[in-house]
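Biologist: Could you take me through one part of this model closely, and set that part in its surroundings as you go?

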Amino acid sequence: KNMKTAIELSQQIKSVLDKHNKMFNQKINYGIGINSGNLISKQEEKNLLRFMSFGATITDAKKMALISEGEILLSEASNLKTRTQSIAKTEKQNISGIDCYIIKELKNKEDHSKFIHSFVRRMEEENRKKKE
């Protein structure tokens with residue numbers, strides 16, 4: 001349920017780094033990889049969170065970040081969640097032998113909700129007129 005937040009946060013990070021690279025001579029080479037998996041977490045102090053991953057959750061994200069060259073890459077599991085939640089349009093890539101997905105477009109349901117509501121309202125009004 002936090003996939004949309006992860007993608008939005010990664011886009012903000014990418015934006016900040018791209019802005020830095022445009023403004024300064026010293027460039028930052030970066031990559032962003034998003035993976036979905038299980039973590040064990042424990043909050044020890046007010047601002048200290050310790051975590052440990054099950055399986056290859058973090059290592060897979062790190063591999064994608066290393067090969068991404070400034071793009072946001074999603075794992076297969078992350079892409080599945082993105083598609084089922086209708087968050088973004090993605091495109092499958094095989095980079096250095098790793099299957100991953102590049103985000104092409106974020107879907108914003110709020111942008112379309114106004115149109116959908118007005119469309120449904122017009123259709124209901126037309127149906128009522130036809131019945132009369």
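**The sheet and the helices around it**

Modeller: In this predicted model, Ile34 stands opposite Leu74 of strand E4. The two strands concerned, E1 and E4, pair in the parallel sense over 3 bridges. They belong to an open sheet of 4 strands, which follow one another in the order E1-E4-E6-E5 with mixed pairing. E1 and E5 stand at the edges with a single partner strand each, so one side of each is left without a neighbour in the sheet. On average, and with direction ignored, neighbouring strands of this sheet are turned by 35° against each other.

Helix H1 packs on this sheet, where H1 touches E1, E4 and E6, and the direction of H1 makes about 180° with that of E1. One residue of H1, which spans residues 3-23, is Ser10. Ser10 has a relative accessible area of 5% and is therefore buried, the cut-off being under 20%. Apart from neighbours within four places in sequence, Ser10 is in contact with Ile32, Ile34 and Ile72, so that Ile34 of the opening pair comes up again here. Helix H3, made of residues 76-84, lies across E1, E4, E5 and E6 and runs at about 90° to E4.

Helix H2 can be described through its two faces. Its buried residues are Thr57, Ala61, Met64 and Ile67. They cover an arc of only 135° around the axis, which puts them on the same side of H2. In general, an α-helix has 3.6 residues a turn, so residues three or four places apart point the same way. Among the elements that cover the buried residues of H2 are strands E1, E3, E4, E5 and E6, whereas the face turned away from the buried side carries the exposed residues Lys62 and Leu66.

The loop between H2 (57-67) and strand E4 (72-74) holds Ser68. Ser68 counts as buried because its relative accessibility is 5%. A polar atom of the Ser68 side chain lies 3.1 Å from the backbone nitrogen of Ile32. With neighbours within four places in sequence left aside, the contacts of Ser68 are Tyr30, Gly31, Ile32 and Leu73. Ile32 is thus also a contact of Ser10, and Ile32 belongs to the list for Ser68 as well. Glu69, which follows H2, has a positive phi, near 50°.

How values were computed:
Residues numbered from 1 in each chain as written. Predicted model: local features only at pLDDT ≥ 70, side-chain atom pairs only at ≥ 80, totals over all residues. Heavy atoms only, no water. Buried < 20%, exposed > 50% of the residue type's maximum accessible area, 1.4 Å probe, protein only. Polar contact = N/O pair within 3.5 Å; in protein donor to acceptor, adjacent residues only side chain to side chain. Contact = heavy atoms within 4.5 Å. Arc of directions from axis to C-beta. Pairing = 2+ DSSP bridges. Axes fitted to C-alpha atoms, helices over the stretch in contact; angles between N-to-C directions.
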